[in-house]
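Me: Hi! I have a structure open and would like to talk through one of its sheets with you. Can we go through it together?

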Amino acid sequence: MKHQAKLILFGFLSLTIGVAFASPLLVSELDVKPFIKHVQGPTADFSVDVVYANFTIINGSKPVSEKDGPAVSYYVVLNITNLSDIGAKLLDVNFKAAKEIKNISESNPSWLMNGTSGIGYFAEGAWVDGVWYNVTLATHNWPAVDMWGNLTFFNGLPENATGPGFEDYWMEGVQLLDVYEGINFWATYMSMNGTWTDVTGRIKLPQPQGHNPFNDAFTFNDIIISELHLFQFGNDTSTANSHTLGHMNVKSTWVGEGLFDNYWAPHQSRLIVLQGIQNITKPWASTEAIEALKSGSITLQTRVFNNADVTVEIVNNTAMDTWSYATELKQVQLTRNGDSYIYNKILGENQIFVTDQYGVEVFIEPRS
């Protein structure tokens, strides 16, 4: 993906995109699902701080190939605090350690600046050439954009996919696609009568999108560790399970009655550990990641996602969003101890971390 950027962000209401339609006569004869308008509700203010990290190089001299290479064992402790007066549930933790992490607008990577990307979203309605569109035939196909700006279909679904699971349905609202060239806005497309049409300069939204998604995007040079830890409701009594997605370790911890408690009370702080082994293999990483670690100076980025523990109901087709993010980005200096590189701002000389039965929460106790 070095020469192509594909950033597809879809709204929370659905992962489908369809045809805008504006015939009151026909709409009155259809079974149309209402458009669910999202408004900002109460949120919990979280903070996150990496207080300890131990990175250990395994087989550091091994050459990097697509199937094999060195590895890094990691043990990272986060202090996650609920700063607000309402409780909230932790939904996921996204952590990265790299030689360098920068905002895209600051780093201007050549691979992104020479490509395009499409950002899909919904709106309650839109004026196009003076005509009001507010009903959509939703399908299970949605557009992506290649590096030259050509519309394609995401996930390889055929344009006319049919059968169970692919049934079309009518819903209020319209589907839109903003296209960016590099980090700059380029065009807007809207699905109209089965065809994605360029409506740039012709469309007026009651509430313009107005947010450049690249304001919050980052580039990562020489990634050492990448983990996404999900806290998912379930009935599995086992500890976290995991798989890899590219260079990212994806782990899941089951939450619910009798399982790990992902609820943070108001003003509560808890220590959460991320641990595992990151394999350094092509094309996701190179020996530069090992060299970055050996340099003793790396950058850490942590993002935690939470949902306020309040009752949310859909009233008059309006729902409240009660989720929020907290992010920390900092450069740290590591202390070498053999093949290990350590950052520590919390653990005393005669103290150790003790992990709970789920392998998620840790506590500091005296060394015996």
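Me: Which strands form the open sheet, and in what order?
Reply: Happy to help! In this predicted model, seven strands make up the open sheet, ordered β26-β27-β4-β5-β22-β29-β28, with antiparallel pairing.

Me: Thanks! Which ones are the edge strands?
Reply: Those are β26 (335–337) and β28 (351–355), each of which pairs on one side only.

Me: And by how many degrees are neighbouring strands turned against each other on average?
Reply: The average is 35°, with direction ignored.

Me: Let's look at β4 and β27. How many bridges join them?
Reply: Five bridges link β4 (residues 46–58) with β27 (residues 340–344), and the two strands run antiparallel. Across that pairing, F55 sits opposite Y341 in β27.

Me: What about helix α4, which strands does it lie across?
Reply: Helix α4 (residues 287–294) lies across β4, β5 (71–82) and β27. Its direction is at about 110° to β4.

Me: Switching to a single residue: is D49 buried or exposed?
Reply: D49, which is found in strand β4, counts as buried because its relative accessibility is 19%, and the cut-off for buried is under 20%.

Me: Which side chains make polar contacts with the side chain of D49?
Reply: The side chain of K330 does, at 2.8 Å, and the side chain of K345 does too, at 3.0 Å.

Me: And what else does D49 touch?
Reply: Leaving aside residues up to four places away in sequence, D49 touches V77, L78, N79 and E328, as well as K330 and K345.

How values were computed:
Residues are numbered from 1 along each chain as its sequence is written. This is a predicted model: local features need pLDDT of at least 70, side-chain atom pairs count only at pLDDT 80 or more; totals for chains, interfaces and linings use all residues. Side-chain values use heavy atoms; hydrogens and water are left out. Two strands pair if DSSP finds at least two bridges between them. Helices (H or I, at least four residues) and strands (E, at least two) are DSSP runs, numbered from the N terminus. Axes are lines fitted to C-alpha atoms, for helices over the stretch in contact, and angles run from 0 to 180 degrees between N-to-C directions. Contact means heavy atoms within 4.5 Å. Buried means under 20% relative accessible area, exposed over 50%, partly exposed in between (1.4 Å probe, protein chains only). A polar contact is a pair of N or O atoms within 3.5 Å; within protein, one must be able to donate a hydrogen and the other to accept it, and residues adjacent in sequence count only if both atoms are side-chain atoms.
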